[in-house]
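I opened this one cold and kept notes as I went. Here is what I looked up, entry by entry.

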Amino acid sequence: MKGYNVFISYRGNGNGGFLGKEIYTDLKYCKSEAAQTPICPFFAPACIQKGDDYKRVIAETIRSVSCVILILSPGFFEGCTEKDDMVRFELQEALKNPVISFIPVVMEGFKFEKEVSVIEGLFSDDEIYRFKHINAINHHGVYDFNTEADVLPAVRKAIEECNTNVAANKASNVIFDFANFTPAEGRKVLFGNYPQRLLKDQNLIHRIYEGLATTETKKKDKKYEYGGESYYNISSSSFNKRVFETEIADNSHNFYIVQPIRWIEIFTSEKYSVLISHDIIDAERFNIDRNSHRTSNENEYLPPNDWAVSSIRRWLNNDFYYEAFSESERSVIQYAQIGNNKESCYPEFARERPDTTDKVFLVSHKEIYMSRKGVARVSDYAKAKGAYSSTSATSDGYGDWWTRSPGNLDVSVENVDRRGCLDAYPFCNYVNDTAAGVRPCIIVPKKELKYDY
């Protein structure tokens, strides 16, 4: 079978097929640079021959591609309720491959939040999130759409990332448990880059803004590049600990310098190191809402404090992962198979929970207790995002941060507080609390690390 690396999924009725054919033709004839992998798109009407086993060809093709372009025309998901629906079959086959990227192209009249209700009983929350994707491409008609400008960059990125992941991760997942790892001495590592320190040089800030007029400053969304350095420009918020769950925006936009991320080695094995960020480097809710979440099993729901269905897990393995690490760094971060069964320090709330496989994760209460690395300062950027930072004499600049261990309610999660407190009954926050900070964890081969910063 031909080496297809892009699959175009569309709904036959309406204009989805016409747009699918247009994208197929454009991608088929686009030119590749010498170092780039040639694009070989699959579009069923053009690629399936008479007499072929349609489902077999679809399944084998999807198994080998790097990305699936979803032509989201109005009613795209409606037919998925039928057991033999081909779009449903294509989506199910694609979801079996965790390396595949979904590239949604949203046609006029398609409303995701409205139409996704049709498939809420067929796919899990995590699976639906993969379809939605935060960087969907909008199609408002033939005169406002260009495959080369709008679709091609996303396709090339997906192929590049897939090739990197396949090459770098042929080995089995690294199982993170205490049979394989032991507490480490806390050696320090620099790895990846992330906005951290507030830029206070007013002259430099002025030059960054001036550079926008001369293209000396390059700007993409909130990220600015000037003089070989990168900065994030965001509006600042502060958290008032005296008023429960209250963030106060000061409406000022400040620059935060992108700097190397400092890590601490907390566990080690013969080949691998488990690293946790030295500081609290961002602020995110553990889960956006406090409702139960559907899993891949049709009738199974998990509470909002379960790591497997948390929005912070999706954020760490998507937004943070691609922002913090370069392509070469992503290629050496291992898939960590982490256990979540009965992790809670509150026995009455302990339950069997599914294990997960992640590139970036949060430690459990037990893991951080064994490593004794609970105290963490809050970066300027995390404060601006709303993370609480203590101002007391004994813990000035330190903050509270999430673990992945469930708390004393289905809507709460265990936190490590500003004193690094790891008592038998630890501090808990509601899943949608805005003040808890984030200390990501990754597993990296020792040979890829340079210790001591």
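Before anything else I fixed my words: a residue is buried under 20% relative accessible area, exposed over 50%, and partly exposed in between. I should also note that the model is predicted.

**Entry: positive phi angles**

I started with Arg372, which has 53% relative accessibility and therefore counts as exposed. I found Arg372 in the loop between helix H11 (365–371) and H12. Its backbone caught my eye, since phi of Arg372 is near 60°, a positive value in a residue other than glycine. I reminded myself that most residues other than glycine have a negative phi.

Asp221 went on the list too, with a positive phi near 55°. I placed Asp221 in the loop between strand S9 (218–220) and strand S10 (223–226). Asp221 counts as exposed because its relative accessibility is 63%.

**Entry: salt bridges**

How many salt bridges does the count come to? I got eleven. My note to self on the idea behind them: side chains of opposite charge can pair when their charged atoms come close. I wrote up three of the pairs.

Pair one is Arg56 with Glu60, where the closest N and O atoms are 3.2 Å apart. I see both Arg56 and Glu60 in helix H3 (residues 54–64), four residues apart, which is about one turn of the helix. Arg56 is partly exposed, with 39% relative accessible area. Glu60 is partly exposed as well, at 30%.

Pair two is Glu265 with Arg187, and I noted 3.4 Å from N to O. This pair links distant parts of the chain, 78 residues apart: Glu265 sits in strand S12 (residues 246–268), and Arg187 in the loop between S7 and S8. Is Glu265 buried or exposed? Glu265 has a relative accessible area of 2%, so I put it down as buried. Arg187 has 35% relative accessibility, so I logged Arg187 as partly exposed.

Pair three is Lys385 with Glu284, with 3.9 Å between the closest N and O atoms. Lys385 lies in the loop between H12 and strand S19 (401–406), while Glu284 lies in the loop between strand S14 (282–283) and strand S15 (293–294), so the pair ties together parts that are 101 residues apart in sequence. Lys385 is partly exposed, with a relative accessible area of 26%. Glu284 counts as partly exposed at 22%. I then followed the shared partners and found Asp282, Glu284 and Lys385 joined into one network of salt bridges.

**Entry: patches on the surface**

Which residues gather in a patch of positive charge? I listed Arg197, Lys200, Arg377 and Lys383, on the surface. I looked up Lys383 in particular and found it in helix H12 (residues 380–384). Lys383 has 32% relative accessibility, so it counts as partly exposed.

I also noted a nonpolar patch on the surface, formed by Phe178, Tyr369 and Met370. Together these residues have about 260 Å² of accessible area. Phe178 belongs to the loop between strand S6 (174–176) and strand S7 (182–183). I marked Phe178 as partly exposed because its relative accessible area is 32%.

**Entry: a serine in a loop**

Next I went to Ser310, in the loop between strand S16 (301–302) and helix H9 (311–324). Ser310 is buried, because its relative accessibility is 0%. What does the side chain of Ser310 reach at 2.9 Å? I found the backbone oxygen of Trp307 there. The Ser310 side chain also reaches the backbone nitrogen of Arg313, at 3.2 Å.

**Entry: far in sequence, and in space?**

My last lookup was Asn193, which has its place in strand S8 (residues 188–198). Asn193 is partly exposed, since its relative accessible area is 34%. I checked Asn193 against Val258: they are 65 residues apart in sequence, and in space I get 6.2 Å from C-alpha to C-alpha.

Conventions:
Residues numbered from 1 in each chain as written. Predicted model: local features only at pLDDT ≥ 70, side-chain atom pairs only at ≥ 80, totals over all residues. Heavy atoms only, no water. Patch = residues over 30% accessible without salt bridge, like charges linked within 9 Å, V, L, I, M, F, W, Y side chains within 5 Å. Areas by Shrake-Rupley, 256 points an atom, 1.4 Å probe, with all protein chains shown as cover. Salt bridge = Lys/Arg side-chain N within 4 Å of Asp/Glu carboxyl O. Lys, Arg positive; Asp, Glu negative; His and termini not counted. Charge placed at Lys NZ, Arg CZ, Asp CG, Glu CD. Helix = DSSP H or I, 4+ residues; strand = E, 2+ residues; numbered from the N terminus. Buried < 20%, exposed > 50% of the residue type's maximum accessible area, 1.4 Å probe, protein only. Polar contact = N/O pair within 3.5 Å; in protein donor to acceptor, adjacent residues only side chain to side chain.
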